[in-house]
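User: I am new to this model and would like to go through it slowly. Could you take me through its main features by question and answer?

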Amino acid sequence: MAKINDNYLKLKAGYLFPEIARRVNAFAQANPDAQIIKLGIGDVTEPLPEACCTAMMKAVQDMGDRATFKGYGPEQGYSWLREKIAASDFQARGCDINAEEIFISDGSKCDTGNILDIFGHDNAIAITDPVYPVYLDTNVMAGNTGPGNDAGKYEGVRYLPITADNNFTAEIPSEKVDLIYLCFPNNPTGATATKSDLKAWVDYANANGSIIFFDAAYEAFITDSDLPHSIYEIDGAKSCAIEFRSFSKNAGFTGTRCALTVVPKTLTAKAADGSDVELWKLWNRRHCTKFNGVSYIVQRGAEAVYTEAGQAQTKALVSFYLENAKIICAKLTAAGLKVYGGVNAPYVWVQTPAGLSSWDFFDKLLHNCNVVGTPGSGFGAAGEGYFRISAFNSRENVEEATQRITEKFKV
Ligand code: MLT
């Protein structure tokens, strides 16, 4: 008789965003005239940059011509894209990262989950609370945790609370942990990390032989010139950190799919016999075995981000969403709500009013304002009492949604 992976039975509700979609669909069916505005999942709404579209259309023509047709590409990605990323995203910021250390993939969500393939099951894992749910759920699926309780906390996970009390900055654990997930600018709180914040993590990781998984999917939203965009801007990070990046949020590729993971060749972790093993080799082996590369057409689209026009157009897209975030912060603050984030990040983290729980606020917003957000408790127990509003939408919808919230919740 075939057996399942019993770890899946430890998972709590469905994955957060499909669960929200299920509730919203039920409401929409019961209220067909409701004009629902979705500021829940961080999914982009504005069209792709013209430079990316033009490059992809040209790539389609390449594929239709015997002389330029491409079959399987390199699993790690075409060197013309990896070299541009290395030069523009890393070397231009003083990070000593080369093209070979960059692996092109179809998403940071996938990579932050898949990375666990190359690590053992007896690592002590640290995640922030609240956190992007993929980090936790993939550890549960891999059997790296014990059972979960009703609040969604799993045995064997070191939770690092991030709340207004600690300015959404996790305290470095006093004990030793092996794998640490950090995300800056932060999803869901919109908080940022300074160079000295990251230096403390890098020093801790190097002192303890830990590996940091640094999710920089939202780095393009940093406007403050003092804030680091990459963990490799910090001395010592090349011996303790893997970085994840994505074209989803800066260039609108959520439906197009292209991302990258950086695994420096200097990074090692221990084998069972105590020897040091290069993580690059393991990830390369995993990537070549389980992945056949992102399509040529999409990689040409991603490459266009690094042209002069592509840079200007992605910058404009990011500025547009940041302006939305500014409007959300201003309107909700004026209504008497306490808000965080939304400055160097596309997410606004709102304290729920009048002691409402996160899901109560979700229901009230849906039923009274026909606006969808994400309940903070869906990101972890310490997210209870908070609510995430995404700035990814049209200006019209953001104006309308904030107006409706203001009318109903003005304190
Ligand atoms: C979010 O809303 O947290 C993100 O859109 C999720 C993702 O990027 O997978």
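**The ligand, the domains and the cysteines**

User: How do the residues of the shell around the ligand divide into nonpolar, polar and charged?

Analyst: This is a predicted model, in which local features need pLDDT of at least 70 and side-chain atom pairs count only at pLDDT 80 or more, while totals for chains, interfaces and linings use all residues. Residues are numbered from 1 along each chain as its sequence is written, and side-chain values use heavy atoms, with hydrogens and water left out. Here Ala, Val, Leu, Ile, Met, Phe, Trp, Tyr, Cys and Pro count as nonpolar, Asp, Glu, Lys and Arg as charged, and the others, Gly among them, as polar. On that basis the shell around the ligand holds 5 nonpolar, 2 polar and 3 charged residues.

User: Where does the ligand lie with respect to the domains?

Analyst: The protein chain is divided into domain 1 (13-42 + 310-409) and domain 2 (52-306), with bounds that come from an automatic or database domain assignment. Because both domain 1 and domain 2 give residues to the shell around the ligand, the ligand lies between them.

User: What is the distance from a polar side-chain atom of Tyr132 to an oxygen atom of the ligand?

Analyst: Among the residues around the ligand, meaning those with a heavy atom within 4 Å of it, are Tyr132, Asn187 and Lys249. For Asn187, a polar side-chain atom lies 2.8 Å from a ligand oxygen atom, and for Lys249 the corresponding value is 2.9 Å. For Tyr132, the distance from a polar side-chain atom to an oxygen atom of the ligand is 2.5 Å.

User: How many disulfides does the count come to?

Analyst: A disulfide is taken as a pair of cysteine sulfur atoms within 2.5 Å. The sulfur of Cys240 is too far for a bond, because the closest cysteine sulfur, in Cys95, is 13 Å away. Cys288 is in no disulfide either, with the nearest cysteine sulfur, that of Cys258, 16 Å away. The count of disulfides therefore comes to 0.

Definitions and conventions. A polar contact is a pair of N or O atoms within 3.5 Å; within protein, one must be able to donate a hydrogen and the other to accept it, and residues adjacent in sequence count only if both atoms are side-chain atoms.
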